[in-house]
Amino acid sequence: MPEYYSGNVVDNHRDAIEEASTAIETDLFIGGKFRQSEGGDYFETVDPTVKEPIAEIARGQKTDVDAAVSAAADAADEWGDTVPPERQEVLRELAERIEDNVEEFTLLESLDSGKPLDVARGEVERAAEFLDYYAGVCRSIEGKQLPYDSDALIYTRREPYGVVGQIIPWNFPLVMVAYKLGPALATGNTVVMKPAEQTPLTALRLAREAQDVVPDGVFNVVTGFGEEAGQPLTEHPEVRKLAFTGETTTGHAIMKSAAERAVPVTLELGGKSPFIVFPDGDLDVAVESVAGVMYYNTGQSCDAPSRVFVHDDVREEFMEKFIERTHEEVVGDPLREGTTMGPLASEAQFDKVTSYLDVGRDEGATVETGGGIPESEDTEHGYFVEPTVFAEAQNDFRIAQEEIFGPVETVISWSDYDEMIRQANDTEFGLAAGMATNDVSLANQTAEKLEAGNVWVNKYATLPPGTPFGGYKQSGIGREHTRETLLAYTRCKTVDIDTTHSPM
Ligand code: ADP
């Protein structure tokens, strides 16, 4: 990896974009080939650290989606007939291709999303790890023999849907590709994927590797905007299954499209996850569990613990430690060694997060630290905000109810357990939750009461492959990252044979 750490941030990024240019694909990937969109239009993907374009990317439209679905449909029978060991080989090789090109993927991911290089590298490795997980777990696909009629052989088969449409967001670009592509290919489906318009580069880079590894038409990528390329994918009559990660309101729209054709959906949507600090909890553990995820990726994680419920008895000490930890964040150029927090990923995100800084103040929360835009040579050209802690907030404040998707923590005090649990659950979301306590009974009891798909105790957001992830309530439908996910990508067929009439 060359050095980008000298000179000013704009020059650093221009050099890095130049360096990355050979890794950039700009066209749609359909039927194993890169090609322009039918209309020949392009859009810019922008480096959020310096607000400069990185590349012009094909702007896919309905006709392109039609072409991609058609390519996926043509490939579906042959790929659907493969056996798990063959699919395992393909997934494993795709994972290896990522591992072999970690630095290229890392630089693209960092430039496109603003993630610090170390963070981007960790995620690129995680993407490979997840493809490898699905390579392994695809061997577990099996049917059942059902012993309910002595004159019959009754068994079930798990069959692929055929063409699957997958729409992913910009906060974890390559990781999301792996989360979605892994289970779809493992189960014998073919895929048309629509990456987020803000961060298309790593999905396209993976398509370049897929050209050698995945049969033509099995994995297709249509870049473009939500309404132009995403919506036609959700409406296409030959798409038999949809999976989406993104905002809850977009999830509603996708579910409505899917309802027209009774297409099943997997949805991973927003969150406003609580973290509960009990008076007996280890405060250092609590602080690191919260800050380590809240500030990771500049707070742009759906499962970020964005509401902290701190018991009155430990409030002061917790706040002191939490603010100290917040000050340890190094906000700056993602290409500079030591940076822990880069910019927000886009202008829209910057406008949204900064508007919530005003909302919090107007609602009467106190700004304990941050609350503005950092001023430094590294940050003056990009979409940077300060890590911010709001205290003395109430759970019905907008900053406690609405997903900000930035490094903004809302701290709420509590003293009565039942009331605290009521408030922790009093949100439309239910993605995740966490707590710090040394009392195992209390941890179990609280985990049971929390309305969330994932609950962590004395840690937060550890999600190794194989552990189910997904939301309650408006945070989504279905579980990803696990063997159970394979069920969502297959249909069950029951075969019942009269054995008295068949020479079995
Ligand atoms: P955000 O607003 O944070 O970008 P979205 O939920 O809008 O989050 O975007 C997530 C993904 O969904 C992106 O790939 C985006 O292009 C796509 N998308 C947005 N709107 C639609 C839509 N109406 N139909 C299908 N996909 C959409």
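## A salt bridge, two domains and a ligand

Let's start small: aspartate 118 and arginine 121 join their side chains in a salt bridge, with 3.0 Å from N to O. Both residues sit in helix α5, three residues apart, which is about one turn of the helix. Keep in mind that this is a predicted model. Searching the whole structure turns up 25 salt bridges.

Now zoom out to the domains. The domain assignment splits the protein chain into domain 1, made of 3-269 + 480-490, and domain 2, covering 274-464. Their C-alpha centres are 30 Å apart.

How do domain 1 and domain 2 touch? On one side, 32 residues of domain 1 take part, in contact with 30 residues of domain 2. People often describe an interface by the accessible area that is lost when its parts come together. Here, domain 1 and domain 2 bury about 2600 Å² between them, and 59% of that is on carbon and sulfur atoms. What about salt bridges between domain 1 and domain 2? The count is zero. Polar contact is another story: ten residue pairs link domain 1 and domain 2 in this way, both residues at pLDDT 80 or more. On the side of domain 1 that touches domain 2, the elements giving two or more residues are α1 (9-20), α4 (102-113) and α5 (117-137). So helix α5, home of aspartate 118 and arginine 121, turns up again here. Sorted by class, that side of domain 1 has 16 nonpolar, eleven polar and five charged residues.

Finally, the ligand. It is surrounded by 17 residues, and the closest are Ile168, Lys194, Glu197, Glu247 and Thr250. The table shows some distances to an oxygen atom of the ligand.

| Residue | Atom on the residue | Distance to a ligand oxygen atom |
|---|---|---|
| glutamate 197 | polar side-chain atom | 2.7 Å |
| glycine 226 | polar backbone atom | 3.3 Å |
| glutamate 247 | N or O atom in the side chain | 2.6 Å |

Glutamate 197 and glutamate 247 in the table are also among the closest residues to the ligand. For glycine 226, the atom in question belongs to the backbone.

Notes
Residues are numbered from 1 along each chain as its sequence is written. This is a predicted model: local features need pLDDT of at least 70, side-chain atom pairs count only at pLDDT 80 or more; totals for chains, interfaces and linings use all residues. Side-chain values use heavy atoms; hydrogens and water are left out. Domain bounds come from an automatic or database domain assignment. Contact means heavy atoms within 4.5 Å. Buried area is the accessible area (1.4 Å probe) that two parts lose on being put together, summed over both. A salt bridge is a side-chain nitrogen of Lys or Arg within 4 Å of a carboxyl oxygen of Asp or Glu. A polar contact is a pair of N or O atoms within 3.5 Å; within protein, one must be able to donate a hydrogen and the other to accept it, and residues adjacent in sequence count only if both atoms are side-chain atoms. Helices (H or I, at least four residues) and strands (E, at least two) are DSSP runs, numbered from the N terminus. Ala, Val, Leu, Ile, Met, Phe, Trp, Tyr, Cys and Pro count as nonpolar, Asp, Glu, Lys and Arg as charged, and the others, Gly among them, as polar. A residue is near a molecule or strand if one of its heavy atoms lies within 4 Å of it.
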